[in-house]
Structure formats: structure tokens, C-alpha cells
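Got your viewer open and a few minutes to spare? Let's walk through this model together, one selection at a time.

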There are 2 protein chains.
Amino acid sequence: MNLSAYTVPDIPLIQKGDDLAEIICERTVLHDHDIIAIASTIVAKAEGRIIELQDISPSEHAISIAECNCSDPRFVQMVLDESEEILLESPFLLVKTRNGNICVNAGIDGSNIDRGHVVLLPENSDQSAKNIRDEIFSITDKKVSVIVTDTNGRAFRDGQTGVAIGISGIRPTRDWRGSCDLFGNVLEVANEAIVDELAGAANLLFGEACDGTPVVIISGLDFYAEEDGIGRMYFPESEDVIRSALMQTRHGDAAIRTQEDRSKGRLHLT
Amino acid sequence: MNLSAYTVPDIPLIQKGDDLAEIICERTVLHDHDIIAIASTIVAKAEGRIIELQDISPSEHAISIAECNCSDPRFVQMVLDESEEILLESPFLLVKTRNGNICVNAGIDGSNIDRGHVVLLPENSDQSAKNIRDEIFSITDKKVSVIVTDTNGRAFRDGQTGVAIGISGIRPTRDWRGSCDLFGNVLEVANEAIVDELAGAANLLFGEACDGTPVVIISGLDFYAEEDGIGRMYFPESEDVIRSALMQTRHGDAAIRTQEDRSKGRLHLT
């Protein structure tokens, strides 16, 4: 089995209103079931999701968090505005974005943008992925999978990796449960988060600094499916044991959970 | 930029004492700075890290955890034996292994092994990676990077991905901090966990079931470094905010941390 991945050359600095599907199709030849990973920064820029810091008036809450974390209160205000829920205020702002991803600073980024500005995440990365996929189909007649990626840290491990925050034309996981191993044992827990592994592979090629290569095409793996949506990659609150521990610590409520509560927990860290 | 990855063909079922470096070198042509990802299962098998469940006498503690989690008390006993610390007993056993990785069930696996047996992780995956790298060098005169991989779940996201648990000939992260972006802004937080992204990419090719392809060669990316050790990928306890929340919840101690404690926290989830 063989996987290959390459960066699409000469992607220009993206401006609001730019047509990413067209820009990609002009610069590479796509094939059915290619997987296209696109850094969320350029998707957001094309959608005009740029904010000038001087336009933001921080609330008292934002000012107090910023003091604790030694950060800019206007930046904190934007993070709060983009968040559905705060899991941790300090030493960093860990939030759930409106699209369901739990990450630091709501994915808001101050790099690769004019000083004094920041880039928000796309309004709805699933919809962005679908729009790009549909337009690529209308230009090339090719059915591709599209993954909008961000770079997130992880619990327990240093460093960040690429993750998928919006997808179209692909299922988020490859479910091995029920299949047999080499010894005929039925697998019980293996549900592989393929879109995150693909986003990580793409991130190896993107670079983070001045590389200017925010689009990667991956071929050799056929994960195409007429399906959209990253949503089911995120746990329902009742099943997310780590989130639950964080929230209990935050609210000073360390009551021992009932057996019923425990039984809801999913074996999601295997 | 271009990455390619392929599975080494015809890897036999690995037995205790098998020479993995020799098996790999007989089946593929390696080049300087190739990255070799090897599933920990075959490394452990070659090292004879297989346990027969019927040989295990579970303690009272193991029996009580097993009752809570509806699991086999002998299996739980093995997890306890392989763990340095328990972060969560239920609904699943989240532990820190003796090598420092925080994962479910100490990475002990019941798949791809005879029924009634389980495979432990390698005794010391860093040492295993180094041994394999050194022997590949002695056979081929090629300097390669070696990553021993496992499959772990993640906080907040469903599904498992490949991660690195032992490395040799490569640094665990690519530190972008201090480099400039396209707009001349200095990057402050980007420290990319490349060995995990590489392990994830390899996992896309390994498969989990009966594929029998536990060795992947990745080329096109040159991350070679005369360095060993996954250790600094794991946070010191004082800097691991999520672990701290889990431990507080576990011990019913949700006291508000001091400003001093908070300032120790690292921005590791960006």
C-alpha cells in the first residue's frame, strides 16, 4: 500500500472573496477520490474572517482573564465571542467553539496576517469544505474529499498536530469494530480517526511559518464517501470523561459520580 | 514538497527472538534519512512481551475495578502491573505507563494474538527504536529515523490515532517558535509534534485488522537527527493542566489553584 502527498504550488496570499476551488484547480490536476487538505487560515481569509484588534472593546470578564494569562484583553474578548463554552480560563483559554471543537483560544490565530489583525476560524468549516468540494466537482467533474484543518494541542502530550475541523466527501473515522484480526479475534474498540491522521500528515507538508503551502493533495488512500460533517467526532457532553473532570474542577464540584454516570462513559482514549 | 509512504511487504507473523531490523532490510531498500514507523505490537512480540491470561492472579483492587468496568480482572491486573500511576479507574483505566505515556489500559492489546493471550507494550520503546536503528545501520550503512507507534484515543475527540511511543534518530517536535511567518510576525507557540503526525500517517497504512502490514517507510521529509527519546513529549506533572484536573476530581480535591500554580501551566493545547 502506498500513500503520496504533495503541496499545491504557488498558492497566492488569499484575500476576501478569493475562490479557493478555482485557485486549486488551476494549479493541479485532481483525480476522483483525491483527498484535499486545506489550512483553515486560508479558508477563513477567503471568507473575510479577519478582525482588527483596535475595533474590539473588551468586557470586564475579558480584562480579568487577560490579566491572569498575560494576554491582550481584546484578543480574549474575541475568543469569548467565538466560544460556546469555556472549559478553562487559565493558564490558557480552553473553549468549545460554536462548531463543537474543543481547543485553545477558539482557534484564533495571529500569525500569517498583518500585525494588529487576527484570523478567526471559518464560520462553519463543514459548510466551507462542502462548498469547495461542490465547486471542484463543477469545475473538474472529479469527486474529491475535502478536509479543512487546524493545528491543536493535545492532553498529556507536548506539541501540536493537525486536526480536521470541517469535512466533506469523507467519513471522520474508519471503524474496525467487528472485523477480524490475523488470529480471528473480533476487534472491539478500534475506531480510527482517519481525518485527523490525514490532517496531521498534511500538516507535515504545510509548515507553519513562511512556507506558503496551505493546500495538500493526498492520494493512494480511498476514503471517499458521500458524507459531510465533523460533528460526530466530538463527544456528547455526557460521554466525555475528560471534559467532565475539567468542568468539575472548574466549578469546585468533585462529587463522586454515580455508577450510572460512569457507565455512560465511552472508551474513547483506548 | 512531496511525501511518500509505503508498507513493507510480506512481514511474517513475528515470534519471540525475531530480528526486526533484518526482516525489514531483507524486504525493502532503505535510504539515508528514511523514516521507519513500526507498530509496537510486533516490537513487543519480538521481545517476547506476551502474557497468557490464565497465568495471572488478580488482586482485590483489580477485581473491584474489573467489576466497575465490566472487564476481565486478570486483564486489569496486568494493566496495574504495567502502570506507574492510575489517572482514572472508571469508566476506563487511564494510566501512565512506566515509560511515561498516558493511555488507556497501558497499551495492552488483545488483538492479533492467540486467544487468551495479550501483548504488552515493549519494555522500553525508546531502547527498542534505538536497537532497530543501530542494527539497520550495521546492515545497510544507512542512517534512518525509527518510530515505534501505538494507537491512542484523545481527549475531547472520538476515535484513535497513531502516536509515537519510542523514537530514535529524530527529534519529537519541530519547533517553529522564533521563526517568521509570511507577514514577518514572529511565531510564539507553534511546536509541531511531528513524530505523532508521522505515526498517524503510518497508521493510515498499517490497518488494524488482518492486513499484516505493521512496518511503513516514509520518505521525502528529512527529520533525521542524532537524537533519541520520546520523553520530552510528555509534560512534567506540574505543567499538565488536564492531568491535574483529572487527579483533583479523582481525589475529590477541587481546591482553587494559586496564581503561582496557574503560571506554571504551559500553553500546550494551542
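**Stop 1: a strand with two partners**

Start by selecting residues 2-7 of chain A, which is strand E1: four bridges join E1(A) to E12(A), and the two run antiparallel. Keep in mind as you go that this is a predicted model. To see one place where these strands meet, pick Ser4(A), which stands opposite Ser219(A) in E12(A).

Now add residues 35-39 of chain A, strand E2. E2(A) also pairs with E12(A) in the antiparallel sense, over four bridges. Here the residue to click is Ile35(A), which stands opposite Ile218(A) in E12(A).

Is strand E12 of chain A, residues 215-219, enclosed or open? Four of its five residues are buried, so E12(A) is largely enclosed by the rest of the structure.

**Stop 2: stepping back to chain A**

Zoom out and colour chain A by secondary structure. You should find eight helices and 13 strands. Of the 270 residues in this chain, 60% count as buried. Among contacts in chain A with a separation of 6 or more, 62% are between residues 24 or more positions apart.

**Stop 3: the three-stranded sheet**

Next, select E4, E5 and E6 of chain A. These three strands form an open sheet in the order E4-E5-E6, with antiparallel pairing. At the edges are E4(A), residues 83-88, and E6(A), residues 102-104, each of which pairs on one side only. On average, neighbouring strands of this sheet are turned by 35° against each other, direction ignored. As background, strands of a sheet pair through backbone hydrogen bonds, either parallel or antiparallel.

Zoom in on E5(A), residues 94-97, and its three antiparallel bridges to E6(A). One residue to label is Lys96(A), whose bridge partner in E6(A) is Ile102(A).

Then bring in residues 241-250 of chain A. This is helix H7(A), which lies across E4, E5 and E6 of chain A and runs at about 75° to E4(A).

Before leaving, select Pro91(A), found in the loop between E4 and E5 of chain A. The peptide bond that leads to Pro91(A) from Ser90(A) is cis, with omega near 10°. In general, most peptide bonds are trans, and most residues other than glycine have a negative phi.

**Stop 4: the cysteines of chain A**

Select Cys70(A), in the loop between helix H3 (60-69) and helix H4 (73-81) of chain A. Cys70(A) is not a glycine, yet its phi is positive, at about 55°.

How many disulfides does the structure hold over all chains? The count is zero. For Cys70(A), the closest cysteine sulfur is that of Cys68(A), 8.5 Å away, which is too far for a bond; the cut-off for a disulfide is 2.5 Å.

Is Cys70(A) buried or exposed? With a relative accessibility of 73%, Cys70(A) counts as exposed. Cys25(A), on the other hand, is buried, with a relative accessible area of 15%.

**Stop 5: a hairpin in chain B**

Switch to chain B and select residues 83-88, strand E4. Five of the six residues of E4(B) are buried, leaving this strand mostly covered. Add residues 94-97, strand E5: four bridges join E4(B) to E5(B), and they run antiparallel. Ser83(B) has Thr97(B) as its bridge partner in E5(B).

Five residues make up the hairpin connection from E4(B) to E5(B). Pro91(B) sits in this loop, and the peptide bond to Pro91(B) from Ser90(B) is cis, with omega near 10°.

Move on to Ala106(B), in the loop between strand E6 (102-104) and strand E7 (117-119) of chain B. Its phi is positive, near 55°, in a residue other than glycine. Ala106(B) counts as buried, at 3% relative accessibility.

**Stop 6: one side of a helix**

For the last stop, select residues 125-140 of chain B. Helix H5(B) has 16 residues and reaches 22 Å from its first C-alpha to its last, close to the 22 Å expected at 1.5 Å a residue.

Show the side chains of Ser125(B), Ser128(B), Ala129(B), Ile132(B), Arg133(B) and Ile136(B), which are buried. They cover an arc of only 130° around the axis, so they are on the same side of H5(B). An α-helix has 3.6 residues a turn, so residues three or four places apart point the same way.

To see what covers these buried residues, add elements of chain B including helix H1 (20-27), helix H2 (40-46) and strand E9 (157-170).

Conventions. Residues numbered from 1 in each chain as written. Chains lettered and ligands numbered in written order. Predicted model: local features only at pLDDT ≥ 70, side-chain atom pairs only at ≥ 80, totals over all residues. Heavy atoms only, no water. Buried < 20%, exposed > 50% of the residue type's maximum accessible area, 1.4 Å probe, protein only. Pairing = 2+ DSSP bridges. Axes fitted to C-alpha atoms, helices over the stretch in contact; angles between N-to-C directions. Contact = heavy atoms within 4.5 Å. Expected span 1.5 Å × (residues − 1). Arc of directions from axis to C-beta.
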